[in-house]
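Take a look at the sequence and the structure below. Then follow the text from place to place.

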Amino acid sequence: VRKNTSHLVNLNVDWDFGPATLAFVGAYQHTVLDTRRDTDNGNAVPGYIGASHVKTPYKVWTGELRLTSNNDEGLGWGLGAFYTKQTGTTVVQESADSFFFPVSVLTSPALLGNPPYLPLDTTVVVPVDTSTWSFSANLRYKTGPLKIEGGIRYSIMKSNQTTQLGLSTSGNTLIPCGPNPLNPAFGCMPMTIPPYEIIPGNLQKFTDKPITGGINITYEISPEINVYAAYGHAFRQGSTGVSTPAGISTDLIRTKNEKTDSFEIGLKGSVLDRRVNFSVAAFYQKIEGFLNRFDSIFWQAASPPASSPDGFFSFNYNGDAKIKGVEA
């Protein structure tokens, strides 16, 4: 069951005072995502329900102020300032029961009151606190068939990413008590581990100040044919993985930043009194630190390896990539 409740408010104000226009675009979003599901998707254990409840509230404030010249010909310009901030605390409550022999709950009536697994309830708390300030400027020049436009943006990106993990169990009398009955490995007694921080301190707070931008050049060979060239430099901030397995290496928790340079040249036109449109373009993109998602990676803590993995997780990781081609 998934429930999405969102409140959206938008504001757009323009003030045209002749030579230039001052514009403001602002928005506020308050969303609560509430998801409840059974983690035993394929009903591998008949009669068993692995409960999962995820509640994700977040508030996002966004605002941008622009001042742009109104002329079409000659030298034009623009200035802008942008701000966004997102907050909210996600809470994940999920069962991570540990079965200690392959016996179905339904096929073992003698065990119905004491099922063959150690009940484990996990609580993951993920506070979100990110913000971005950016300042931009652009120039454009148009004379006859030629138009050149370029811009640059300076951003200040701040993120604070933490995760608190808690654990509790009601115990199971099928497991004999060991020398330390509070140890979950023995499991015979109820126990609770209060939420504790699993993200290392040096991976929690980051500030990046990238400079991005690009330039476009177009030339109208005739009213029916245009040629163009474009270059752009982009940036994506790395992220700290939340709700990752505790104790894994730093490179599996924190991804690096991604930087992209892209180039494109092309031709667009029409024939037969604009009844037929055509285009051809060549493009090249180089990505340093490409951010990618790897799902269902299993990890094994036992040494020597046990017969089954300790868990399956998803990770973000960096690589390098090149994209090139021609389209028509």
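The second largest pocket has a lining of 13 residues. R66, S136, A137, N138 and R153 are the ones nearest its centre. The space inside comes to about 200 Å³. Which elements give two or more residues to this lining? They are β3, β4, β7 and β8. Strand β4 covers residues 74-95, and β7 covers 121-143. This is a predicted model, so keep in mind that every value here is computed from it.

Now step back to the whole chain. The protein chain has 328 residues, and 28% of them are buried. Its elements are 1 helix and 16 strands. Take the contacts between residues at least 6 apart in sequence. Of these, 65% join residues at least 24 apart.

Aromatic rings come next. A pair of such rings is described by two things: the distance of the centres and the angle of the planes. How many aromatic pairs does a search of the whole structure find? The search gives 6. One of them joins Y28 and W61. Their ring centres are 4.3 Å apart. Their planes meet at 40 degrees, so this pair is tilted. A stacked pair would need planes under 30 degrees apart, and an edge-to-face pair would need over 60. Where do the two partners lie? Y28 belongs to strand β2, residues 20-38. W61 belongs to strand β3, residues 51-69. The pair therefore ties together parts that are 33 residues apart in sequence.

W133 and F135 form another aromatic pair, and this one is stacked. The distance is 6.0 Å from centre to centre, with 5 degrees between the planes. Are these two residues buried, exposed or partly exposed? W133 has 42% relative accessibility, so it counts as partly exposed. F135 has 38%, so it is partly exposed as well. The limits for that class are 20% and 50%. Y83 joins in too: ring pairs link Y83, W133 and F135 into a cluster.

A ring can also have a charge over it. Find F206 and R254. The charged end of R254 sits over the ring of F206, 3.6 Å from the ring centre.

Next, go to a loop. T162 lies between β8 (146-161) and β9 (164-169). Is T162 buried or exposed? Its relative accessible area is 12%, so T162 is buried. Which residues does T162 touch, beyond those up to four places away in sequence? They are V125, V126, P127, E197, I199, Q204 and V242. T162 also has a polar partner in Q164: their side chains make a polar contact at 3.4 Å.

E258 is a second buried residue to visit. Its place is in strand β14. Its relative accessibility is 8%, and because that is under 20%, E258 counts as buried. Now look for R236. Along the chain, E258 and R236 are 22 residues apart. In space, their C-alpha atoms are separated by 5.0 Å. R236 is also among the contacts of E258, beyond the neighbours within four places in sequence. The others on that list are A234, F235, I287, E288, G289, F290 and L291. With L291 there is a polar link: a polar atom of the E258 side chain lies 2.8 Å from the backbone nitrogen of L291.

Strand β14 leads on to another loop. Most residues other than glycine have a negative phi. L272 goes the other way, with a positive phi near 55 degrees. D273 also has a positive phi, about 55 degrees, although it is not a glycine. Where are they? L272 lies in the loop between β14 (258-271) and β15 (276-299). D273 lies in the loop between β14 and β15 too. L272 has a relative accessible area of 58%, so it is exposed. D273 is at 66%, so D273 counts as exposed.

End at K142, in strand β7. K142 is partly exposed, at 27% relative accessibility. G76 is 66 residues away in sequence, yet the two C-alpha atoms are 8.3 Å apart. Which residues does K142 contact, leaving aside neighbours within four places in sequence? They are D72, E73, G74 and K147. With E73, the contact is a polar one between side chains, at 3.1 Å. The K142 side chain also reaches the backbone oxygen of G144, at 3.3 Å.

Conventions. Residues are numbered from 1 along each chain as its sequence is written. This is a predicted model: local features need pLDDT of at least 70, side-chain atom pairs count only at pLDDT 80 or more; totals for chains, interfaces and linings use all residues. Side-chain values use heavy atoms; hydrogens and water are left out. Rings of Phe, Tyr and Trp (its six-membered ring) pair if their centres lie within 6.5 Å; planes under 30 degrees apart count as stacked, over 60 as edge-to-face and the rest as tilted. Helices (H or I, at least four residues) and strands (E, at least two) are DSSP runs, numbered from the N terminus. Buried means under 20% relative accessible area, exposed over 50%, partly exposed in between (1.4 Å probe, protein chains only). A charge sits over a ring if NZ of Lys or CZ of Arg is within 6 Å of the ring centre and within 35 degrees of the ring normal. A polar contact is a pair of N or O atoms within 3.5 Å; within protein, one must be able to donate a hydrogen and the other to accept it, and residues adjacent in sequence count only if both atoms are side-chain atoms. Contact means heavy atoms within 4.5 Å. On a 1 Å grid over the protein atoms alone, a cavity is a set of points where a 1.4 Å probe fits but cannot get out, and a pocket is an open set with protein on both sides within 12 Å along at least five of seven lines; lining residues have an atom within 4 Å of a point. Grid points are joined across faces, edges and corners, and a volume is the space filled by probe spheres set on the points.
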